[in-house]
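Biologist: Please take one part of this chain and examine it closely for a first-year student, explaining where it lies and what surrounds it. Please then relate that part to the rest of the fold.

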Amino acid sequence: VVGLQQYLVKPRVADVNENVLSEQLVTESALTEDLVKNGVPLETAIQQFEHYARQTFHIGPSTHSLRFVTDGQLPLRQCLHPETCSKNLELPSYYSYFHDLRKEFRAFYSMPEEPQCIRDMIAYLGMTPDTESEFYVKEIKDMVNIVQRLLADGHKFENPEAVNLRLEPGICSKNEEVDNSCVVRARGLPWQSSDQDIAKFFRGLNVAKGGVALCLSPQGRRNGEALVRFINQEHRDMALKRHKHHIGNRYIEVYKASGEDFINVAGGSNNEAQAFLSRGGQVIVRMRGLPYDCTAKQVLDFFEAGENSCQVMDGEEGVLFVKKPDGRATGDAFVLFNQEEDAGKALSKHRELIGSRYIELFRSTTAEVQQVLNRSMDPKTYEPQMPLIAQVPQVPLLPQHIITSGTRKDCIRLRGLPYEAQVEHILDFLGDHAKNIVFQGVHMVYNAQGQPSGEAFIQMDSEQSAFQSAQQKHHRYMIFGKKQRYIEVFQCSGEDMNLVLTGGIPAGAVSPAKAATLLSPGGTMLPPPHFAPAAAFSPFGPAGPAQLIPTTTLTPPRHTFAAAFPPIFYWPYPSPPVSPTSYYGGALTPLPPPGAAAIQPPPHQHGAAPPPHHSAATLVIMQGLPYSANTADVLNFFRGFPEWSIDYLNPSHPNTHNITHPGVHSAAA
């Protein structure tokens, strides 16, 4: 024994009470809050020991010139290596090798089970434990006595444990058997994570070659999950203890998985992929968005051009294009690079051009190559997919005699209701005003998917009752459980009510002069312009208007209303299965100036929707506008869009007449 060194490391974080030590640690050891808070940062402690070790042991360049002996696997694998990795600290090379005293002790003395602590080994040897020193110094002195006893009894410390700092590439076959006790599933990963990032999260534990398989969605995109295969069950069990540890500000969930799960994701049977991966490149980059006629030479030129020039491994042989079963290109390719240093240079060309197309670049893995190639050669991949939201069935509305009509403003409209709100909650909200509601006069409005829209119409016994309700209850709060929502209350007419519930009225049924009087302040439905039938508008087929559910069960005769303009869809999450930059509209013409006649264009053949970016005009309804918004604000919002023309927004047209009307929260353009 040539020396004894102890370094108290000061943590960077504390709990809400500024405590840095757990109660268990304070009880078991001699450490106190003051001692630790006056310690040194981890990087300083590493530097101090490095300086001491080089002066004392005259360490040479060999990684085996200094060897650690630890009490179990946890000090280095689960503590020091993960901590230095998260703080971006470099450890000297001799920290990657160590002897586990518990394993050495069990192997030499042929114990049936591994000792669980130093006291077990001391007791087995019949030695006297140290009782004079502090907690950690006492443990170290006991370990020294055990090591000296092992050496005296003839044991040799020959085969050290190794800590792999980098993930090595490897190929997994569909026919390979993977031990069920060696695989975990990590969930909640950042979508841009590479296999090296995931191996870094498990730093200190040894991942098998090619043991990180990033899972892909049916659309071929990473879904934030990965399957990780370790070299044995011991490392898998330590990996499970990293459940809800963090990558950046995201916590990662870690669960057990099976070998079959890993094979299903990482296993491959494609000979072309096997030959490509067997070249042994350190870096794989996935290219997406390539022109369909792109050649391997164009890919080589793409990476060799510019400041961050890099060479593709093995030239054209290091490029693998992803193709469909019939041999047609998919626009994807994988590229190999020799060294890790090439990864940064290659990825710096993200979104640079080949021809007129920008190319997306991602760090990839051997497992991802296998997955993508397997799917690309599967004919089922290219079969038409079911839409995310099924076609909405037609639902009959209530007969017209149940819904009031006319321009008398004897109704109120409630907006912003909690989705769980029922009729009784509305009655409680209205309080004394509820006694002025007519029989069966509360109507909950549902959207086209049959979900509550957060709106309701209420028929009152007079215009005066509706006015008083709107004045006194507008922007008042509805208490619903622990929720508190302010509710908008507007006075409106039966005609306004029908505009919402029946999906609009025929354009010719109301004159522009009368349309403004039908729209009560605060209404959001605007009279539609002239355009094609609703069937020609929606790419998802004709949809029924909003549903109206009565307060009591009624059995009226069925009746449907012909919708003359496209119904408005309020899509729930996820978004509708179309590109956000595409629009699907009926064949519209620009709005005519005042006094001019609108020309009704013919509907599309068979009622089919025109393709995206059709040259004809389409209708856009804007909701959520500030109450102070005017025509100029709408124009500025669309400025720079080639599809937009000032001719499409006519302030004198009935659709845009109400943009500046007080209380109107929508606009049509």
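Modeller: A residue is called buried when its relative accessible area is under 20%, and exposed when that area is over 50%; values in between count as partly exposed. The model shown here is predicted. With the cut-off in hand, consider Ser96, which sits in the loop that joins helix H4 to strand E2. Its relative accessibility is 9%, and therefore Ser96 counts as buried. Apart from neighbours within four places in sequence, the residues in contact with Ser96 are His81, Glu161, Ala162, Val163 and Leu165.

One of these contacts, His81, leads to helix H4, because His81 is among the buried residues of H4. The others in that buried set are Leu76, Arg77, Leu80, Pro82, Thr84 and Cys85. An α-helix has 3.6 residues a turn, so residues three or four places apart point the same way. The cover over the buried residues of H4 includes helices H3 (42-57), H8 (195-201) and H9 (233-240). It also includes the strands E1 (68-70), E2 (97-100) and E3 (161-162).

The course of H4 deserves attention as well. This helix, residues 74-86, has a bend of about 25° at Leu80, and the proline Pro82 follows within four residues. After H4 comes Asn88, with a positive phi near 55°. Most residues other than glycine have a negative phi, and most peptide bonds are trans. Ser110 is another residue other than glycine with a positive phi, near 50°. Ser110 lies in the loop between H5 and helix H6 (118-125). Its relative accessibility is 61%, and Ser110 is therefore counted as exposed. A positive phi of about 65° is also found at His475, again not a glycine. The loop that holds His475 runs between helix H16 (463-473) and strand E18 (476-480). At 39% relative accessibility, His475 is classed as partly exposed.

Helix packing comes next. Two packed helices are described by the angle between their axes and the distance between the axes. For helix H5 (residues 101-109) and helix H7 (residues 135-152), the axes come within 11 Å, with a crossing angle of roughly 35°. This crossing of H5 and H7 is left-handed. On the H5 side, Leu101, Phe105, Phe108 and Tyr109 make the contact; on the H7 side, Met143, Ile146, Val147, Arg149 and Leu150 do.

The wider fold also contains open sheets. One has five strands, paired antiparallel in the order E5-E6-E4-E8-E7. Strand E5 (207-216) and strand E7 (245-247) are at its edges with a single partner strand each, so one side of each has no neighbour in the sheet. On average, and with direction ignored, neighbouring strands of this sheet are turned by 35° against each other. Inside it, strand E4 (residues 183-187) and strand E6 (residues 222-230) form an antiparallel pair over five bridges. In E6, Val228 is the bridge partner of Val184. Helix H10 (residues 259-266) packs on this sheet and touches E4, E5, E6 and strand E8 (250-257); the direction of H10 makes about 70° with that of E5. Helix H14 lies across E5 and E6, at about 45° to E5.

Another open sheet has four strands in the order E10-E11-E9-E14, and its pairing is antiparallel. Its edges are strand E10 (319-323) and strand E14 (360-363); each has a single partner strand, so one side of each is left without a neighbour in the sheet. E9 and E14 pair in the antiparallel sense over four bridges, and in E14 the residue Arg363 is the bridge partner of Val285. Helix H12 packs on this sheet, touching E9, E10, E11 and E14, and its direction makes about 125° with that of E10. H14 (residues 366-376) touches E9, E10, E11 and E14 too, its direction being at about 35° to that of E10.

Finally, consider the nonpolar interior. In soluble globular proteins, nonpolar side chains tend to be buried together. The largest nonpolar core holds 21 residues, and Met287, Phe303 and Phe337 have the most contacts inside it. Two or more residues come from each of strand E9 (283-288), helix H12 (296-304), strand E11 (329-337) and helix H13 (341-347). H12 supplies the largest share, five residues. A second, separate core has 20 residues, among them Ile412, Ala434, Ile437 and Ala456.

Methods:
Residues numbered from 1 in each chain as written. Predicted model: local features only at pLDDT ≥ 70, side-chain atom pairs only at ≥ 80, totals over all residues. Heavy atoms only, no water. Bend = angle between axes of the 7 residues up to and from the residue. Buried < 20%, exposed > 50% of the residue type's maximum accessible area, 1.4 Å probe, protein only. Contact = heavy atoms within 4.5 Å. Core = buried A, V, L, I, M, F, W, Y, C linked by side-chain atoms within 4.5 Å. Pairing = 2+ DSSP bridges. Axes fitted to C-alpha atoms, helices over the stretch in contact; angles between N-to-C directions. Left-handed = near helix turned anticlockwise from the far one by under 90°.
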